[in-house]
Amino acid sequence: MAKPQEQLDSVYTLQQAAQKRAWSPIEWVGLGLVVAVTVLLIFQPSVLGDAFTAMLNKVKPIVVDVFLMGTVGVAIILSVMTGRMLERLGFTDALMRIFVPITERIRVNPSVVIPGIYNILGDINAAGRIGGPILKRAGATKDEQKIAIATMVQSQQSFSCFMLGLICLSIAGIEAFPIVFLAIFAPLVVVPFVLSKTIYRDTKSVPLRDLPSFTPSTPFFTTLFNGAKEGAELLFLLVIPAAAVIFGIIGLLDYAGAWKWIEGALSSGLSLIGVDPKTGITAILASPTLAMAQLKEVAATMDPRLVVGAFVLAASGLPLSDVLGQIPAIWSANSDLTPREALSAALVGMGMRIVTVVIFAFGLTPLLV
């Protein structure tokens with residue numbers, strides 16, 4: 001004889017109560033945070049407010065003074081607009097015709113060089129916004145998209161950084177052309193070749209006839225307006241949030257007293273690889289352009305190796321807020337890569353850049369002074 005519905009519900013409820021959910025690791029972490037926050041609120045309530053203020057003081061100068069009130073934010077909007085206009089005028093298609101013969105020999109998709117070239121001309125954020133969709137349309141594999149990111153971070157993202165760097169080399173009495181050619185333009189071919197034979201081997205050459213046209217058919221004025229709008233979206237929805245995350249973490253580490261040790265380790269490491277510590281830290285944490293402006297003031301009295309090392313390091317995908325925040329955010333939204341894959345590719349590229357710094361500072365500089 002069937003049990004009444006009430007008895008069935010009672011049995012089900014008792015079974016559910018008997019099967020208690022086990023604590024997950026993250027719940028133990030959360031419990032620890034609840035206890036810690038409660039203790040702080042009782043015995044030292046100012047700590048939480050002071051920690052937040054420290055984060056705010058690190059983020060505000062970057063987000064407000066640099067991106068919103070300074071020239072960097074406007075430069076990002078203009079760089080995307082300029083990049084879109086270059087694309088509309090056939091720039092990308094012309095680059096494809098130039099690089100297809102070279103990339104066929106090293107067996108990679110020619111689109112891997114496009115973000116690097118747009119980075120040289122404009123901004124690393126615009127390079128990702130424009131280059132990511134180009135790679136997808138060109139049929140680039142995920143490995144080739146990673147190669148594109150690693151290649152992109154080999155070149156400077158600001159024309160002003162490039163010009164100030166040339167002035168620094170001139171002041172230090174160093175011949176600039178070999179450094180510029182070997183440090184900025186040669187990696188467009190060398191990095192794809194090395195990575196396609198080692199880490200990212202899922203590559204293939206693509207003949208020009210199999211590539212689509214990359215020149216849009218939109219009217220010129222519409223292209224300009226949409227490019228400026230796209231640049232503003234990039235600035236407010238991706239660049240500023242990424243910068244806030246990175247510098248907020250730095251502010252928290254600074255309040256905890258850990259940042260000074262990290263900064264000291266950075267100074268020692270930079271001296272070891274042949275980079276002036278002061279300008280190197282500025283390039284890594286704040287702005288390569290500002291670093292080159294600082295270097296210009298002291299280049300005449302500095303060891304030429306440190307000048308060259310600082311220039312080559314600044315001519316890269318730095319600062320770290322770009323590498324750790326903006327590149328993963330922008331490329332994951334505009335390519336087939338996840339944020340983690342984009343970040344790992346950027347770190348591989350920066351690792352190669354550090355090797356380049358050492359080679360140029362200690363190997364090439366004595367031949368050019």
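Arg-129 and Glu-230 are both buried, and the two form a salt bridge with their closest N and O atoms 3.2 Å apart. That contact links distant parts of the chain, since Arg-129 belongs to helix H7 (residues 124-137) and Glu-230 to helix H12 (residues 220-256), 101 residues apart. Keep in mind that this is a predicted model. The protein has 18 helices and 0 strands, and 46% of its 369 residues count as buried.

**Salt bridges**

- In total, the structure holds 7 salt bridges.
- Another one pairs Lys-142 with Glu-341, and here the closest N and O atoms are 3.0 Å apart.
- Lys-142 lies in helix H8 (residues 142-152) and Glu-341 in helix H18 (residues 339-368), so this contact ties together parts that are 199 residues apart in sequence.
- Lys-142 has 35% relative accessibility, so this residue counts as partly exposed.
- Glu-297 and Lys-296 also meet through their side chains in a salt bridge, at 3.3 Å from N to O.
- Of these two, Glu-297 is exposed, with a relative accessible area of 60%, while Lys-296 is partly exposed at 29% relative accessibility.
- There's a network as well: salt bridges that share partners join Arg-84, Arg-129, Glu-230 and Glu-233.

**Aromatic rings**

- The model has 2 aromatic pairs.
- One of them is Phe-177 with Phe-181: the ring centres are 6.1 Å apart and the planes sit at 20°, so the pair is stacked, given that planes under 30 degrees apart earn that label.
- Both of these Phe residues lie in helix H10 (residues 176-185), where they are 4 residues apart, about one turn of the helix.
- Phe-177 is exposed, with a relative accessible area of 63%, whereas Phe-181 is partly exposed at 43%.
- Over at Phe-220, the ring has the charged end of Arg-88 sitting over it, 4.3 Å from the ring centre.

**A nonpolar patch on the surface**

- Trp-23, Trp-28, Leu-31, Val-34, Val-35, Val-39, Ile-42 and Phe-43 form a nonpolar patch on the surface.
- Together these residues have about 850 Å² of accessible area.
- Val-35, one of the patch residues, is found in helix H2 (residues 25-43).
- With 47% relative accessibility, Val-35 counts as partly exposed, because the exposed class takes values over 50%.

**Backbone spots to check**

- The peptide bond from Leu-318 to Pro-319 is cis, with omega near 15°.
- Pro-319 lies in the loop between helix H16 (304-314) and helix H17 (320-334).
- Arg-107 has a positive phi, near 60°, and is a residue other than glycine.
- You'll find Arg-107 in the loop between helix H5 (91-106) and helix H6 (114-121).
- The side of things facing solvent: Arg-107 is exposed, with a relative accessible area of 55%.

**Overall dimensions and a distance**

- Along its principal axes, the C-alpha trace spans about 95 × 55 × 45 Å.
- Thr-53 and Pro-192 are 44 Å apart in space, C-alpha to C-alpha, and 139 residues apart in sequence.
- Thr-53 lies in helix H3 (residues 46-68) and is partly exposed, with a relative accessible area of 35%.

**How confident is the prediction?**

- The mean pLDDT of the protein is 84, and 93% of the residues reach 70 or more.
- Among the elements, helix H8 has the highest mean pLDDT, at 95, and helix H1 (residues 5-18) has the lowest, at 55.
- Predicted coordinates should not be read in detail where pLDDT is low.
- Helix H8, with that highest mean value, is also the helix that holds Lys-142 of the salt bridge to Glu-341.

How values were computed. Residues are numbered from 1 along each chain as its sequence is written. This is a predicted model: local features need pLDDT of at least 70, side-chain atom pairs count only at pLDDT 80 or more; totals for chains, interfaces and linings use all residues. Side-chain values use heavy atoms; hydrogens and water are left out. A salt bridge is a side-chain nitrogen of Lys or Arg within 4 Å of a carboxyl oxygen of Asp or Glu. Helices (H or I, at least four residues) and strands (E, at least two) are DSSP runs, numbered from the N terminus. Buried means under 20% relative accessible area, exposed over 50%, partly exposed in between (1.4 Å probe, protein chains only). Patches are made of residues with over 30% relative accessible area and no salt bridge: like charges are joined within 9 Å, nonpolar side chains (Val, Leu, Ile, Met, Phe, Trp, Tyr) within 5 Å. Accessible areas come from the Shrake-Rupley method with a 1.4 Å probe; for residues, only the protein chains shown count as cover. Rings of Phe, Tyr and Trp (its six-membered ring) pair if their centres lie within 6.5 Å; planes under 30 degrees apart count as stacked, over 60 as edge-to-face and the rest as tilted. A charge sits over a ring if NZ of Lys or CZ of Arg is within 6 Å of the ring centre and within 35 degrees of the ring normal. pLDDT is the predictor's confidence in each residue, from 0 to 100.
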